[in-house]
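The exercises below ask you to read a structure step by step, each with a worked solution. Please look at the sequence and the model before you begin.

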Amino acid sequence: MGRPLKRILYVEDEPDIQAIAKLTLENIGQYDVKLCSSGNEALASIKGFEPDLVLLDVMMPEMDGPTTLKELRKLPEGKNLPIIFMTAKVQPSEVEHYKDLGAIGVIAKPFDPMTLSNTVNQLWQENQPA
């Protein structure tokens, strides 16, 4: 088993979704969660927060999730950072595209708050080096 997941940077532009995800990830998963409302905010926050994982919305104004991922990869802190996309766009071809971009997984929205932490942890564990 790899290192434990502790710190999650969650990039989501919808305040209601932010609140539900933060509540469940902190209370059920016991994770330290930092919220960002945009890709630019995520890029500015990554160095100071040093997340183990990024949950990234796909559809956001200004800078969408795939663009944010590309920009994160340009930073030393984001080069190998595991990314999970959270999106309503989960057709098989879309999911394949997100994984081709480097995501370790995709969580469909709307998500189940009661299983979100377990799903995140499962994707984390499956993608840890042996």
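Helices (H or I, at least four residues) and strands (E, at least two) are DSSP runs, numbered from the N terminus. The model is predicted, so local features need pLDDT of at least 70 and side-chain atom pairs count only at pLDDT 80 or more, while totals for chains, interfaces and linings use all residues. Residues are numbered from 1 along each chain as its sequence is written, and side-chain values use heavy atoms, with hydrogens and water left out.

**Exercise 1. Describe the sheet, its order and its edges.**

Begin with the pairing rule, by which two strands pair if DSSP finds at least two bridges between them. Five strands form an open sheet in the order E2-E1-E3-E4-E5, with parallel pairing. E2 and strand E5 (105–108) stand at the edges with a single partner strand each, so one side of each is left without a neighbour in the sheet. Direction ignored, neighbouring strands of this sheet are turned by 20° against each other on average; here axes are lines fitted to C-alpha atoms, for helices over the stretch in contact, and angles run from 0 to 180 degrees between N-to-C directions.

Next, look at individual pairs. Strand E1 (residues 7–11) is joined by five bridges to strand E2 (residues 32–36), and the two run parallel; in this pair valine 11 stands opposite cysteine 36 in E2. Strand E3 (residues 53–57) is joined to strand E4 (residues 83–87) by four bridges, again in parallel, and leucine 56 stands opposite phenylalanine 85 in E4.

**Exercise 2. Decide whether valine 33 is buried or exposed, and list its contacts.**

The cut-offs come first: buried means under 20% relative accessible area, exposed over 50%, and partly exposed in between (1.4 Å probe, protein chains only). Valine 33 lies in strand E2, and because its relative accessibility is 5%, valine 33 counts as buried. Contact means heavy atoms within 4.5 Å, and, leaving aside neighbours within four places in sequence, valine 33 is in contact with Ile8, Tyr10, Lys22, Leu25, Glu26 and Phe49.

**Exercise 3. Work out how H2 is placed against H3.**

Helix H2 (residues 39–49) and helix H3 (residues 65–73) pack at an angle of about 25°, and their axes are 9 Å apart. Angles under 35 degrees count as roughly parallel, over 145 as roughly antiparallel, 65 to 115 as roughly perpendicular and the rest as oblique, and H2 and H3 are therefore roughly parallel to each other. On the H2 side, Gly39, Ala42, Leu43 and Ile46 meet Thr68, Glu71 and Leu72 in H3.

**Exercise 4. Work out how H1 is placed against H5.**

The axes of helix H1 (residues 15–27) and helix H5 (residues 116–126) come within 8 Å and cross at roughly 70°, which makes H1 roughly perpendicular to H5. Here Ala21, Thr24 and Leu25 in H1 meet Leu116, Ser117 and Val120 in H5.

**Exercise 5. Examine the backbone at glutamate 50, glutamate 62 and proline 110.**

Glutamate 50, in the loop between H2 and E3, has a positive phi near 50° although it is a residue other than glycine, and at 56% relative accessibility glutamate 50 counts as exposed. Glutamate 62, in the loop between E3 and H3, has a positive phi of about 70° and is exposed, with a relative accessible area of 78%. Finally, proline 110 lies in the loop between E5 and H5, and a cis peptide bond, with omega about 0°, joins lysine 109 and proline 110.
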